[in-house]
Amino acid sequence: MSPEIQSLSIVLRGQFSPLIFQPYWLVTENLLRKKEADAVEVEIIHPTATVYSSDWFQLKVLNDRFQIITTQPPYNEALRDLVLGIFSLLDNTPLKALGINQAFHFSLESEEVWHSLGHRLVPKEDWNDILNNPGTLSLNVQGERPDSYNGYYRVKVEPSSQVKNGVYIEINDHYQLSEEPNYNTDTKLVIEILSTNMENSLKNGQKIYNKIVEIGTGQ
Amino acid sequence: MKLETVTLEPSIGSLSEIEDINLVNNIPHLTSIVNQMILQNGNTTKEGSINGGSESLQPITNEWYKNIPSLPIPRVFFRIIYKSRGIVIDVTDITFTARLTPLQGDDSEKVAEFFIEEIDPEDRSLIVNGAVFYWSIGYLDKPSGRIRASILRFRRFPSWTKHSLDTAVRRAKELKELLDDE
């Protein structure tokens, strides 16, 4: 079952200078077409925040967070390449954590099926003793990483706010790049992870999505 | 491994066709997803992040520029039926040939020929032997209906600066000396 809406975001926590990440800087560095930069919709470019959207990605940079997101699956690799390009250039950026995050909204055939998914994920028998008509608002489950990197997988399942009889799944593939409160001042690890592990991350995310759909639809 | 050769006609759905569609409509996609994440994120630390995790967004703060306004749900969505990674193996004045490794859809490797005019003019300088691109074929779902379309995007790397070249040369010399000593 295909999702109604899906997205991929790459998030980095560290120390950033938002003013650097202007669209024409990306053009100068051959990372973006000039006409894409000409067409961006800028929300703000400021020393504390840079936020703008092109027709295939949205970029948001704060002093402690870098985030780029696309909702067009054909551009997943382009998104990764853009981040690789940026942090190849800014190779001494202090970083703490990397997240490769996928999100899906999918629709179930009826409200009854939608409720049954919530009951299957969070059985209500024990809750009925202490709450009236309990419903699943949000479920978060964390698991260990299947590889040797520090970090975890975290999956969130909720009713969708965008799709009728819909379910929202958010998958956070989290890599801890340094031990708190220190920073890793070399972007080589991020480049290595994005170059070699992104495909695995996307496949694992798809596997998790398929499993939850299977639970919901019985298929 | 047998490779299938495919010659593609412009009618299959060129990048220019995609760009004729106003993909600026996609901006609501991003914000609706983003706002779901904002609305659903709960406890915060003093830094405004969630237990130091890399989750997508910070919760809403008083600083207005950190809030992304709410926009309607997406109107355009691309459903992939086939996706591949291509490496250019030959270039002529009119076409280029590439080896395609499937990423989604069909399992078999292929060799395909593309018309250069299908490629965005700003990307044509990227068409050289060894260049990598990603090619998706699928359906573009819009409120006005579904159309078959393809998106082909070349990989972009930062331009080499003199500094990076000098650094690479110096590092290569260091490694050579190290290996020669051994």
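A cavity is here a set of grid points where a 1.4 Å probe fits but cannot get out, and its lining consists of residues with an atom within 4 Å of a point. In the predicted model, this rule yields 3 cavities of 30 Å³ or more. The largest cavity has a volume of about 80 Å³. Residues of both chains form its lining: L31(A), W56(A), A78(A), D81(A) and L82(A) on one side of the list, with Y134(B), R153(B), F154(B), R155(B) and R156(B) completing it. Two elements each give two or more residues to this lining, namely α3 (76–89) of chain A and β6 (145–154) of chain B. The largest share, 3 residues, comes from α3(A).

Open space was examined in the form of pockets. The second largest pocket has a volume of about 650 Å³. Its lining comprises 25 residues, of which Q6(A), N76(A), Q206(A), I80(B) and Q104(B) are the closest to the pocket centre. At least two lining residues are supplied by each of four elements: α3 and α5 (188–217) of chain A, and β2 (77–91) and β3 (95–104) of chain B. The largest share of this lining is provided by α5(A), with 7 residues. Helix α3 of chain A thus recurs in the description, as it gives two or more residues to the lining of the largest cavity and at least two to that of the second largest pocket.

The architecture of chain A provides the setting for these linings. Chain A contains 5 helices and 9 strands, which follow one another along the sequence in the pattern β-α-α-β-β-β-β-α-β-α-β-β-β-α. The C-alpha trace of chain A spans about 60 × 40 × 30 Å along its principal axes. Among contacts between residues at least 6 apart in sequence, 68% join residues of chain A that are at least 24 apart.

Surface and charge properties were also computed for chain A. Of its 219 residues, 56% count as buried. The chain exposes about 9600 Å², and carbon and sulfur atoms supply 48% of this area. Chain A carries 18 positive and 28 negative charges, and the mean positions of these two sets lie 2 Å apart.

Terms used. Residues are numbered from 1 along each chain as its sequence is written. Chains are lettered from A and ligands numbered from 1 in the order in which they are written. This is a predicted model: local features need pLDDT of at least 70, side-chain atom pairs count only at pLDDT 80 or more; totals for chains, interfaces and linings use all residues. Side-chain values use heavy atoms; hydrogens and water are left out. Buried means under 20% relative accessible area, exposed over 50%, partly exposed in between (1.4 Å probe, protein chains only). Contact means heavy atoms within 4.5 Å. Accessible areas come from the Shrake-Rupley method with a 1.4 Å probe; for residues, only the protein chains shown count as cover. Lys and Arg count as positive and Asp and Glu as negative; His and the chain ends are not counted. The place of a charge is taken as NZ of Lys, CZ of Arg, CG of Asp or CD of Glu. On a 1 Å grid over the protein atoms alone, a cavity is a set of points where a 1.4 Å probe fits but cannot get out, and a pocket is an open set with protein on both sides within 12 Å along at least five of seven lines; lining residues have an atom within 4 Å of a point. Grid points are joined across faces, edges and corners, and a volume is the space filled by probe spheres set on the points.
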